[in-house]
Amino acid sequence: MTPRLADRPSAPAADTPLMQQYRDIKARHPGAILFFRMGDFYEMFEDDAKLAARELGLTLTSRNNGGAAEVPLAGVPVKAATDYLRRLIAGGHKVAICEQVEDPKLAKGLVRREVVETVSPGAVLADDWLEQRRNNFLVAVDPRGSAAGVAALDLTTGELALEVVALADLASALARYEAPELVYPAGATVPVARDVPVARTEREAWEFDPALGREDLCRTFALAALDGLGIEPGDAPAIGAAGALLRYARELKPGGLPHLARPRVQRRGDTLPLDEMTRRNLELVEPLRAGATGTTLLEVIDRTRTPMGARLLRRWLLAPLVDPGAIGARLDAVQVCADDAPGRERLRDALDGVRDLERLAGRAALGRATPRDLGVLRDSIERLPDVRDALLGLGGRARSTLLEAASATYDPLQDLGALLARALVDRPPPQLGDGDAIRPGTDAALDELRDARDGGKRYIAGLQARERERTGIASLKVGFNRVFGYYIEITRTNRDRVPTDYERRQTLTGAERYVTPELREQEARVLGAEERIAAREVELVDTLRRAVADAIGRVQGLAATLAQVDVWAGLGDVAHRDGYVRPVVNDGFALELEASRHPVVERMMPRETFIPNDVALDAAGRVIVLTGPNMAGKSTVLRQVGLCVLLAQIGAFVPARRAVVGVVDRLFTRVGASDNLARGQSTFMVEMSETSAILHGATGRSLVLLDEIGRGTSTFDGVAIAWAVTEHLHNTVGCKTIFATHYHELTQLTEELAHARNWNVAVREAGDDVVFLHRLEPGGADRSYGIHVARLAGMPPTVVARSWEVLRVLEAGHHLAHRPAPPAPDATQLGLFAPPHPVVAALAGLDVDALTPLEALNRLAAWKRDLGKASS
Ligand code: ADP
Ligand code: MG
């Protein structure tokens, strides 16, 4: 759109050529902050400058633009740019890095500049910014069809995953990737449940066309058709998303994606969708309270030794399996590792020296690996035969087809390792140019240049002694500085004794600096050689990077094998050391946990102090109403059941003496509003909409864990809603359900629901005290022991005594209201609660402590008024 002249406050000043170049480049990168290289600075102009000044606390200056207008300007030194860049990316911004792509000394006129890379939250390649132990996925999603297409790419490792997801499961699927950036067609709505900010990138709708995606994938992997990748016609939406994703990724990284791995296709129904709330409530990978440590399941079971293993375990935990066959295969591998303790230790020790092969190789393929990176890669490859030997030495390996396959396909990359070992020095420098990277004897040309350099240096080193002798000046010094190069320095007092072949170069206060033709010649030899050495090293290191790039598929394959082996060995370690048992996983309905424990809570207490519990859910008793006073251990049991099922379904052992797990197709966990403060949104509305999502999403094969649902409202509302929800799950959905509640009124539910059972977490009353036994018992709790707990918590005795008095009064009212009339013989629903008189109900629910006298009076007046109305 061309703005009309009248819209402009004044005629624009003509741009200088530099500003013109800036604007041209900026126009090609809308949506990104442009880091515009000028000498030793990245400069930002105009709106970018203002934004950067705000976000980074930079000083905003201005630049004269051709005499007329002043342009706002902010800059960061190139040397310190990484840190500023990191902060901008963390804030969800994108930054396009525009470099000078020709030597300013050789440029005729304006230096040519180009954007060499755009960094966005989903496209960070700098290793030290990223968490090693998790993937960084850039995810494209097209939610416009009847099913959503999803494509996820980790640019650091080259992994590409495709899947088609039912719209109802899209939010869970996206949560599984934990993506910092989502790419989607402009205008489409994408459900993002995460509380963590996600960068959103809108792309044009046509980019998601499956035909274009198909073409792109065929071209990328040099295939005639996609069948070879396991892609089916139904995958079209995912192919479309992949096309858009690759187009965008190539825009960000104009250097290309040489490390892109063949896509993995995830089939619908392969994994158990875990919604955001379940992930959070069970604290699978993130603590509920940000920053807390030792509270997540991942922390407890992650004994991996490599970043690849850690990333894989995290992915597995977020994507449990549902096929008992596939789960059994993983369990076989874990079992072999659990059973052979010495073999497992040897394997884990061997893995310990293997660094992040996968990301190192990715960086090498992208042409970014430093000499040190290549050295680390070499050292890691050196460990690979040990890992293989340990793998082959595992006792009972033949009992696991997956371990057999891992050892059969194991490629120790020895040719690549040998190439790197031959070429690199023992401790390569962190950057090119920081010292020799290439081993002497590797390259004749390089050796010759180094000889020349070293010869020159030796000559210069000997010069001081020779010249002192020749001139008789004992204080004569040979030195070097960046501006004048090598020089001979002579103090002013000795000026008369300076030989005639000395040429003066620089005068200082107390001394003069000279050169000789010979020194100049040697200096040229050294500097010339150094320049050419640097150039030659760049070439040679590039050759090494290309060699890694050529082997990238093999490295990725090996990395995938190592990751699995690492996870199995780690899970085997947990199983063996912490007394976990191999679960029987089948297609049945029943869930039986004998002497099971909460894997995280048991860690937080001294060994053996956690009280194990038996929990069973089967067709006859598929709903458990779990009662007990506050602090009894209801929430713990509830979560423990969820965690054991998840562990079983990722193929891990579980903390129990015996476990039978009929696979579940979904797992839902909800916690009543007031337990959910960490979310900062403890509203009853949230609680209800989450519960409603379960009622819509659960099937007969699901497991639903409800913790104090209904507590975000008044007692009567709460009990009524909890009642109806449980009834619906029992009668209509028919899934396995545990409902934990301190409303002991709910125990009456089981009288009506044929397949519901009461359990309670036992407490023992000892005088005015209660002792928490943390033991599950059949039957319902008869009271809530709230005042006991208050006493235990150190309430003043007078308040405790007064509570007892008030309780007695309230209970009297409650009984009056609720002692039901005997239910009619044909009563089908809710027979237990005759509706109480509204005034009595309000009175019973009243929190007397929270009332001011004035409020109390107002209430009384209101009730009086209502009663008057009712009787007239
Ligand atoms: P509730 O949900 O009934 O209020 P919680 O499940 O939150 O109770 O448990 C309260 C505390 O009791 C936990 O923090 C834990 O320290 C302890 N606890 C729970 N279950 C057990 C158990 N089986 N063995 C030992 N301690 C337990
Ligand atoms: Mg609780």
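Two strands count as paired here if DSSP finds at least two bridges between them. Helices (H or I, at least four residues) and strands (E, at least two) are DSSP runs, numbered from the N terminus. With that in hand, welcome to a predicted model in which six strands form an open sheet of mixed pairing, a further open sheet has four strands, and 13 residues surround ligand 1.

This is a predicted model, where local features need pLDDT of at least 70, side-chain atom pairs count only at pLDDT 80 or more, and totals for chains, interfaces and linings use all residues. Residues are numbered from 1 along each chain as its sequence is written, chains are lettered from A and ligands numbered from 1 in the order in which they are written, and side-chain values use heavy atoms, leaving out hydrogens and water.

**The six-stranded sheet**
- Reading across the sheet, the strand order is β3-β4-β2-β1-β5-β6.
- The edges belong to β3 (61-65) and β6 (113-119), each of which pairs on one side only.
- From one strand to the next, the twist averages 35°; axes are lines fitted to C-alpha atoms, for helices over the stretch in contact, and angles run from 0 to 180 degrees between N-to-C directions.
- Five bridges link β2 (residues 41-45) to β4 (residues 69-77) in the antiparallel sense, and F45 has L73 of β4 as its bridge partner.
- Helix α1 (residues 17-27) lies across β1 (33-38), β2, β3, β4, β5 (95-100) and β6, and runs at about 145° to β1.

**A hairpin further along**
- β13 (residues 477-481) pairs with β14 (residues 485-491) over five bridges, again in the antiparallel sense.
- Three residues make the hairpin connection from β13 to β14, and N481 has G485 as its bridge partner in β14.

**The four-stranded sheet**
- Here the order is β17-β21-β18-β19, and the pairing is mixed.
- Because β17 (584-586) and β19 (613-617) stand at the edges with a single partner strand each, one side of each is left without a neighbour in the sheet.
- The twist in this sheet averages 10° from one strand to the next.
- β18 (residues 591-596) and β21 (residues 658-662) are antiparallel partners over four bridges, with E592 bridged to V660 of β21.
- α19 packs on the sheet and touches β17, β18, β19 and β21, its direction making about 110° with that of β18; contact means heavy atoms within 4.5 Å.

**Around ligand 1**
- The closest of the 13 surrounding residues are I611, M631, K634, S635 and T636; a residue is near a molecule if one of its heavy atoms lies within 4 Å of it.
- Helix α19 (residues 634-650) supplies the largest share of this shell, three residues.
- The shell divides into six nonpolar, six polar and one charged residue, where Ala, Val, Leu, Ile, Met, Phe, Trp, Tyr, Cys and Pro count as nonpolar, Asp, Glu, Lys and Arg as charged, and the others, Gly among them, as polar.
- An N or O atom in the side chain of S635 is 2.7 Å from an oxygen atom of ligand 1.
- A backbone N or O atom of A632 lies 3.3 Å from an oxygen atom of ligand 1.

Definitions and conventions. Polar contact = N/O pair within 3.5 Å; in protein donor to acceptor, adjacent residues only side chain to side chain.
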